Amino acid sequence: MLSTLFADSFVIIFVITVVLAALDFWVVKNVSGRILVGLRWWNEINEQGESIWRFECLDHESLARINQKDSWLFWWTLYLNAVAWTIFGIFSLVRLEVDYLLVVGVCLSLAIANIIGFTKCRKGMRFRRFRFIVILVGR
């Protein structure tokens with residue numbers, strides 16, 4: 001991958017890439033999603049070990065003020081991020097650099113988690129016209 005231009009050690013490349021991907025995940029989930037599309041999601045585990053998804057949306061008036069170009073940019077980059085990591089994974093397979101598949105796997109899983117969270121949140125938003133928190137319980 002391109003990271004070998006900057007460092008020779010796989011461990012350094014892995015740590016830096018995963019830390020940057022985790023920061024990107026957090027910023028998209030907690031900052032960009034709120035500002036650009038008015039959505040926020042998180043997942044909790046309750047005392048019984050069940051996964052609880054929580055979704056939050058701005059009220060109808062605030063959603064009307066969101067710029068459609070910003071929303072479009074958010075959704076496209078959300079999906080293109082996963083596509084880019086998939087392409088990096090294919091290149092790693094072709095070049096037989098199996099170590100880098102671990103990096104791709106971590107980054108792709110973070111990208112897919114954001115896609116799933118925001119897609120579920122957007123689907124729930126279509127049926128509500130106010131600030132809400134939807135709880136889905138599942139194992």
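This report describes the fold, a buried lysine and the salt bridges of one protein chain.

**Overall architecture**

The structure is a predicted model. Its chain contains 4 helices and 3 strands, which follow one another from the N terminus in the order α-β-β-α-α-α-β. Of the 139 residues in the chain, 37% are buried. Among contacts with a separation of 6 or more, 68% join residues that lie 24 or more positions apart. The accessible surface of the chain amounts to about 9,200 Å², and carbon and sulfur atoms contribute 67% of that area.

**Helix 1**

Helix 1 covers residues 10-37. A bend of about 40° occurs in helix 1 at V28, and V28 is itself one of the buried residues of this helix. The buried set of helix 1 further includes I13, T17, V18, A21 and F25, as well as K29, N30, G33, L36 and V37. An α-helix has 3.6 residues a turn, so residues three or four places apart point the same way. Just after helix 1, G38 adopts a positive phi of about 75°.

**The buried lysine K29**

K29 belongs to helix 1. Although buried, K29 has no salt bridge. Why is there no salt bridge for K29? The nearest side chain of opposite charge, that of E44, is 9.4 Å away, whereas a salt bridge requires the side-chain nitrogen to be within 4 Å of a carboxyl oxygen, and therefore K29 and E44 do not pair by this rule. The side chain of K29 instead reaches the backbone oxygen of W41, at 3.3 Å. Leaving aside residues up to four places away in sequence, K29 touches R40, W41, W42, N114 and F118.

**Salt bridges**

Side chains of opposite charge can pair when their charged atoms come close. The model has 2 salt bridges, listed below with the N to O distance.

| Positive residue | Negative residue | N to O distance |
|---|---|---|
| R54 | E44 | 2.8 Å |
| R95 | E97 | 3.3 Å |

In the first row, R54 and E44 form a salt bridge with their closest N and O atoms 2.8 Å apart. This pair links distant parts of the chain, with R54 in strand 2 (residues 51-57) and E44 in strand 1 (residues 39-45), 10 residues apart. E44 has a relative accessible area of 33% and is therefore classed as partly exposed. E44 thus appears in two settings: as the salt-bridge partner of R54, and as the nearest side chain of opposite charge to K29. In the second row, the side chains of R95 and E97 meet at 3.3 Å.

Terms used
Residues numbered from 1 in each chain as written. Predicted model: local features only at pLDDT ≥ 70, side-chain atom pairs only at ≥ 80, totals over all residues. Heavy atoms only, no water. Helix = DSSP H or I, 4+ residues; strand = E, 2+ residues; numbered from the N terminus. Buried < 20%, exposed > 50% of the residue type's maximum accessible area, 1.4 Å probe, protein only. Contact = heavy atoms within 4.5 Å. Areas by Shrake-Rupley, 256 points an atom, 1.4 Å probe, with all protein chains shown as cover. Lys, Arg positive; Asp, Glu negative; His and termini not counted. Polar contact = N/O pair within 3.5 Å; in protein donor to acceptor, adjacent residues only side chain to side chain. Bend = angle between axes of the 7 residues up to and from the residue.
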